[in-house]
Amino acid sequence: MEMDEERTRSPTNTNNKNRIISWPEIQQEFSHHQPSIARLNNGSFGCCPSSVLAAHHSFQLRFLRHPDAFHLHVLPSALLRSRTILARLINADHVDQISLIDNATTAAALVLQHISRLPRNDAASASFVVVVLDCAFQAVKKSLHAYVARAGGSVVEIHLPFPVRSHRQIIAEFRKGLERAKSLNGGKIRLAIIDHITSMPSVLIPVRELVEICREEGVEQVFVDAAHALGTVPIDVKEIGADFYVSNLHKWFFCPPSVAVLYCRESNNNVPMPIESSLFLWTGTSRDYSAQLVVPAVMEFVNRFEGGIEGIMKRNHDNVVEMGKMLANSWGTILGSPPHMCASMIMVGLPSRLCITTDDHASRLRTHLRECFGVEVPIYYDPATARDDDGESRAARDEDGGVITAYARISHQIYNTVDDYHKFRDAINQLVKDGKFCKMLSTEGAKV
């Protein structure tokens, strides 16, 4: 059973000559997906429709037919077209502020390398502090600790409250984290790394407010890791006000892997920006640029939907909230955040009777769901369910009175159906009914 067809079909953009995209046409665009799997994990790997894959393959063939002509006459203008579209989408002042790179993690490494090498004129600033949310993407945190430690700096991780009920909670924790960081280096923080949408647990962060706080507190530079943002929330980099902003295009913007857009604001405080867009226009003859060139094809695809990419974002948000509530009601649990603090992903509490008490248990459940029920969904074990010193648990409880120790992160993309979520709902209910504890689950099961 598909989602209500009127929620997936949509009139075309007035500038697009294609007719309304129908549900069968959406299914055809994603017919390369394995049909037996309820794919609730778009947030990890994204998706790419067949029409965009065709454009991708066309660029690859054009390169292979005549590489010299491709690099000299096709590549520069095609890259510029993609960068120009992206500059408009995120409201950059100029296309020269836009670079195309592999992914958000690459951007983080570039910015960290830049700030770790900035010259300092006095002994007090020779050491420095970088702040980051404690739930930042693990690859970013690894890069952060490597670069900063090597350069003699310190890292302060700021706690993200979860489950979270308001922006005020996040803002209060962020202010406390900045105060702690300032005490380490005479009041100076060289860089703040802020997620626009955290990965795990997934929460939509009040990024503009946090950037404003950084400016008030004298943080030298701000880098926004928005790996999940483009295609799920509206982006205005001038309004956000960060020095660097990066978003993947292969997660929610229908590009093939792997490509991301990196925005670098011009410096207004005599601190040099690390990257010029021209540096990424040529990185060698062996590089496959084709994923960077399909942005026009993506725009043709999304403009077949009502409201273009903005309409897709709204429908994905509305549907993931609806499906999250349905799951939570069925399991007697809660959502990890209110609807206004999620985009196209939402955290749904899992029943306490599954007895998920370690990361290994969460991994076993995910594998079991994949291999025995045909459901692909990430499972998050919440370490905050550990007891406080006074013996009281900070965690939420389900209808059975048990502590909710784990959450599923469900995504919604245009190819998903209601049946995908019903399949997941029924799988969890069956495990609970059968009295299956996660530590009992084998990591090997019947293949679906």
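Contact here means heavy atoms within 4.5 Å. With that term in hand, let's work through some exercises on this predicted model, where local features need pLDDT of at least 70, side-chain atom pairs count only at pLDDT 80 or more, and totals for chains, interfaces and linings use all residues. Residues are numbered from 1 along each chain as its sequence is written, and side-chain values use heavy atoms, with hydrogens and water left out.

**Exercise 1. Describe the surroundings of serine 337.**

Step 1: Find the residue. Serine 337 sits in the loop between helix H12 (308-331) and strand E9 (345-349). Helices (H or I, at least four residues) and strands (E, at least two) are DSSP runs, numbered from the N terminus.

Step 2: List its partners. Leaving aside residues up to four places away in sequence, serine 337 touches Val164, Arg165, Cys342 and Ile346.

Step 3: Is serine 337 buried or exposed? Its relative accessibility is 1%, so it counts as buried. Buried means under 20% relative accessible area, exposed over 50%, and partly exposed in between (1.4 Å probe, protein chains only).

**Exercise 2. Do the same for valine 156.**

Step 1: Valine 156 belongs to strand E4 (residues 154-158).

Step 2: With residues up to four places away in sequence not counted, valine 156 touches Val129, Val130, Val131, Val132, Gly177, Arg180, Ala181 and Leu184.

Step 3: The C-alpha atoms of valine 156 and leucine 178 are separated by 8.4 Å, and the two residues are 22 apart along the chain.

Step 4: Valine 156 is buried, because its relative accessible area is 3%.

**Exercise 3. Work out how helix H4 meets helix H5.**

Step 1: Helix H4 covers residues 50-65 and helix H5 covers residues 67-90; they pack at an angle of about 140°, with their axes 7 Å apart. Axes are lines fitted to C-alpha atoms, for helices over the stretch in contact, and angles run from 0 to 180 degrees between N-to-C directions.

Step 2: H4 brings Phe59, Arg62, Phe63, Leu64 and Arg65 to the contact, while H5 brings Pro67, Phe70, His71, Val74 and Ala78.

Step 3: Sorted by class, the residues of this contact are seven nonpolar, one polar and two charged. Ala, Val, Leu, Ile, Met, Phe, Trp, Tyr, Cys and Pro count as nonpolar, Asp, Glu, Lys and Arg as charged, and the others, Gly among them, as polar.

**Exercise 4. Compare where two salt bridges sit in the chain.**

Step 1: How many salt bridges does the structure hold? It holds 18. A salt bridge is a side-chain nitrogen of Lys or Arg within 4 Å of a carboxyl oxygen of Asp or Glu.

Step 2: Aspartate 102 and arginine 287 meet in a salt bridge at 2.7 Å, N to O. This pair links distant parts of the chain, 185 residues apart: aspartate 102 is in the loop between strand E2 (98-101) and helix H6 (104-117), and arginine 287 is in the loop between strand E8 (260-264) and helix H11 (295-302). Aspartate 102 is partly exposed at 32% relative accessible area, and arginine 287 is partly exposed at 23%.

Step 3: Glutamate 212 and arginine 208 also form a salt bridge, at 3.2 Å, N to O. These two are four residues apart in helix H9 (residues 207-216), so about one helical turn separates them.

**Exercise 5. Locate two cis peptide bonds.**

Step 1: One cis peptide bond joins phenylalanine 162 and proline 163, with omega about -5°. Proline 163 is in the loop between E4 and helix H8 (167-182).

Step 2: Another joins methionine 200 and proline 201, with omega about 0°. Proline 201 is in the loop between strand E5 (191-195) and H9.

Step 3: What sets these bonds apart? Most peptide bonds are trans.

**Exercise 6. Find a residue other than glycine with a positive phi, and say whether it is buried or exposed.**

Step 1: Phenylalanine 254 has a positive phi, near 70°.

Step 2: Its place is the loop between strand E7 (244-248) and E8.

Step 3: Phenylalanine 254 counts as buried, because its relative accessibility is 0%.
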